[in-house]
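Here's a quick look at a ligand site and the parts of the fold that go with it. Have the model open while you read.

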Amino acid sequence: MQFTRLRLTGFKSFVDPTDLVIQDGLTGVVGPNGCGKSNLLEALRWVMGESRPTAMRGGGMEDVIFAGTTRRPARNFAEVALHIDNAERLAPAAFNSHDAIEIVRRITRDAGSAYKAQGRDVRARDVQMLFADASTGAQSPALVRQGQIAELINARPTQRRRILEEAAGISGLYQRRHEAELKLKAAEANLTRVDSVVESLA
Ligand code: ATP
């Protein structure tokens with residue numbers, strides 16, 4: 001799977017629809033201070049399911065919506081679309097029937113955010129799992145933000161382990177294990193209830 005295009009509308013400083021074509025070999029974005037380089041990287045994290053406003057340098061998730069300037073009014077929504085080349089059909093089964101996949105995330109003021117895949121509503125979890133299974137995602141160490149290298153050098157071994165786990169392609173397993181544990185606990189609680197009903201009938 002390869003990212004081929006990122007389209008931003010009303011996202012942070014990208015008030016007008018902006019298309020970034022991601023060609024082979026693109027490894028970095030350069031430009032003057034404040035031109036929006038970090039905003040681009042944040043848009044990529046956001047469409048992959050980032051749920052922490054602090055990771056978007058904001059106090060609330062709605063802060064990603066264009067806030068207006070002296071010359072332009074604020075927007076009411078922000079949208080980011082990511083196009084993925086799936087010609088090799090490596091996407092998880094639920095997404096794997098197309099050569100190209102389009103994931104869209106949109107946030108509207110006072111209405112929260114919603115995701116679409118190929119134009120159909122999907123859950124945040126589905127999108128997060130798609131990227132986790134492809135060894136990437138909102139928190140992928142492959143997306144290097146300012147100051148991150150210094151943090152990595154000073155990190156504890158357990159924090160560094162996450163990077164190795166992602167390289168090994170097992171990041172998605174943690175979420176699945178957590179969900180399996182929740183189901184197990186619910187089943188155990190049901191069993192306890194059944195036991196006490198049986199006892200009361202005996
Ligand atoms: P530097 O190299 O200094 O880190 P950069 O190129 O990474 O800069 P960004 O941090 O991506 O730049 O962009 C900062 C710009 O985005 C600022 O001008 C800021 O006002 C603008 N910005 C951030 N959030 C919003 C928003 N919600 N609405 C409008 N503009 C925004």
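By class, how many nonpolar, polar and charged residues are in the shell around the ligand? This is a predicted model, and in it the shell splits into 7 polar, 4 nonpolar and 3 charged residues. The ligand is surrounded by 14 residues, and S13, N33, K37, S38 and N39 are the closest.

As for confidence, the protein averages a pLDDT of 89, with 100% of its residues at 70 or more. For the complex, the predictor reports an ipTM of 0.93 and a pTM of 0.78.

Now for the annotation. An unreviewed UniProt entry puts a "binding site" at P32, N33, G34, C35, G36, K37, S38 and N39. Two of the annotated positions, G34 and C35, are worth a look in the table.

| Residue | Location | C-beta neighbours within 10 Å | Class |
|---|---|---|---|
| G34 | loop between β2 (18–21) and α1 (37–47) | 9 | exposed |
| C35 | loop between β2 and α1 | 12 | exposed |

Why does C35 count as exposed? Its C-beta has 12 neighbours inside 10 Å, and the class takes in residues with 12 or fewer. G34 is exposed because just 9 other C-beta atoms lie within 10 Å.

One more stop: helix α4, residues 157–167. How many of its 11 residues are buried? The count is 0, so α4 is hardly covered, given that a buried residue needs 20 or more other C-beta atoms within 10 Å. After α4 comes G169, with a positive phi near 75°.

How values were computed: Residues numbered from 1 in each chain as written. Predicted model: local features only at pLDDT ≥ 70, side-chain atom pairs only at ≥ 80, totals over all residues. UniProt positions renumbered as here; feature names shortened; annotations may be inferred. Helix = DSSP H or I, 4+ residues; strand = E, 2+ residues; numbered from the N terminus. Near = placed C-beta within 6 Å. Nonpolar A, V, L, I, M, F, W, Y, C, P; charged D, E, K, R; others polar. pLDDT = per-residue confidence, 0-100.
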